[in-house]
Amino acid sequence: MKGDKRDIRALTKEQLRAFFEDRGDKAFRGNQVYEWLWQKAAHTFDAMTNLSKETRQMLEDNFVINHIKVDTMQRSSDGTIKNAVKLHDGLVVESVLIPTETRTTACVSSQVGCSLDCRFCATSRLKRMRNLNPDEIYDQVVAIDNQSRLYFDRPLSNIVFMGMGEPLMNYNNVLKAIAKITSPEGLGMSPKRITVSTSGVPKMIRKMADEEVKFKLAVSLHSAIDAVRTSIMPFNATFPLKDLREALEYWYSKTKNRITYEYVVWKGINDTQEAVDALVRFCRFAPSKVNLIEYNPIDDGEFQQADDLAIKMYQDTLQDNGITVTVRRSRGKDIDAACGQLANKT
Ligand code: SAH
């Protein structure tokens, strides 16, 4: 029977109201159901206790709620939680809760696997199976919000699209999910607390700029020299740095939102003065800051974190040029929950 039933969360509030009206019921029922589905994140029709038993049964006969299910949950010694999330078709993605003293950040996935081919990232070894739909993205956020309340006694404060997948390759669904996350009828979160991280798809960055989105943008840069970037992120051959740079200038002109560049320094790849100088020049095109992230080894040691001296060279050179730079320590390494380690190992 399940095959004939519609996914109720694909309906807008207006469509739900119309559904009830068409059956000779009150349109207002549509609002109630909508509230259960989104604000209260109900997993079953039975949970909708302000509806009559008959109405709940009628919904059950017509619809399904394709809710995600947290399949396994692992906790790191540093408090980080990694969820393996099962989707209605049995595929699995991962999402991570990252606690600090004052914040809880959710790191969510946007695709099952990834369509890109960054050579240092574990997710790239899983081919892209499919895009997540808006509800599947939203559900990850709700699940982490609940965990934050349960284990840390506070609501979720920030969201980063830095889990599996390339968010700008699933643009429409990511934007729909963000719309729901920020809507008062969803979680009512401020878009300023949301960061979309991309490996840099110029066309989509321009599109976001045109839509004047309010969330933050992070770009996984890792090198400001084309030949180097292409060797570690092969799609850079298709979207070279010049195109990326122009799209980012356009982004800033439209949104006035500073860009964060994520950057790992690897031994023998980008740990040279020439590489830092190129980064400094790249940072001049649009107001930006640099986040130096620790490398999380994923395999046989082809890539190695550069030594502290190289990191210091980056910090000093950037600072001397008036560019804000932060160094980010990895979280959740012991459970393979850190950046680039999400690969459905379990
Ligand atoms: N596709 C998006 C979001 C996912 S990756 C993007 O590329 O931005 C999230 C961040 O982790 C990116 O900055 C990515 O470059 C970085 N990353 C990937 N593999 C990593 C690894 N092994 N160690 C540290 N960071 C890594």
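## Ligand contacts

How far is an oxygen atom of the ligand from an N or O atom in the side chain of His222? The two are 2.6 Å apart, which puts them inside the cut-off for a polar contact (a pair of N or O atoms within 3.5 Å). Keep in mind that this is a predicted model, where local features need pLDDT of at least 70, side-chain atom pairs count only at pLDDT 80 or more, and totals for chains, interfaces and linings use all residues. Residues are numbered from 1 along each chain as its sequence is written, and side-chain values use heavy atoms, with hydrogens and water left out.

Ser220 also brings a polar side-chain atom to 2.6 Å from an oxygen atom of the ligand. At Asn296 the backbone does the job: one of its polar atoms is 2.9 Å from a ligand nitrogen.

## The shell

In total, 21 residues surround the ligand, counting those with a heavy atom within 4 Å. Phe120 and Ser197 are among the closest. The shell splits into nine nonpolar, nine polar (Gly goes here) and three charged residues.

## A salt bridge

The whole structure has 17 salt bridges, meaning a side-chain nitrogen of Lys or Arg within 4 Å of a carboxyl oxygen of Asp or Glu. One of them pairs Asp135 with Arg9, at 3.9 Å between the closest N and O atoms.

Key:
A polar contact is a pair of N or O atoms within 3.5 Å; within protein, one must be able to donate a hydrogen and the other to accept it, and residues adjacent in sequence count only if both atoms are side-chain atoms.
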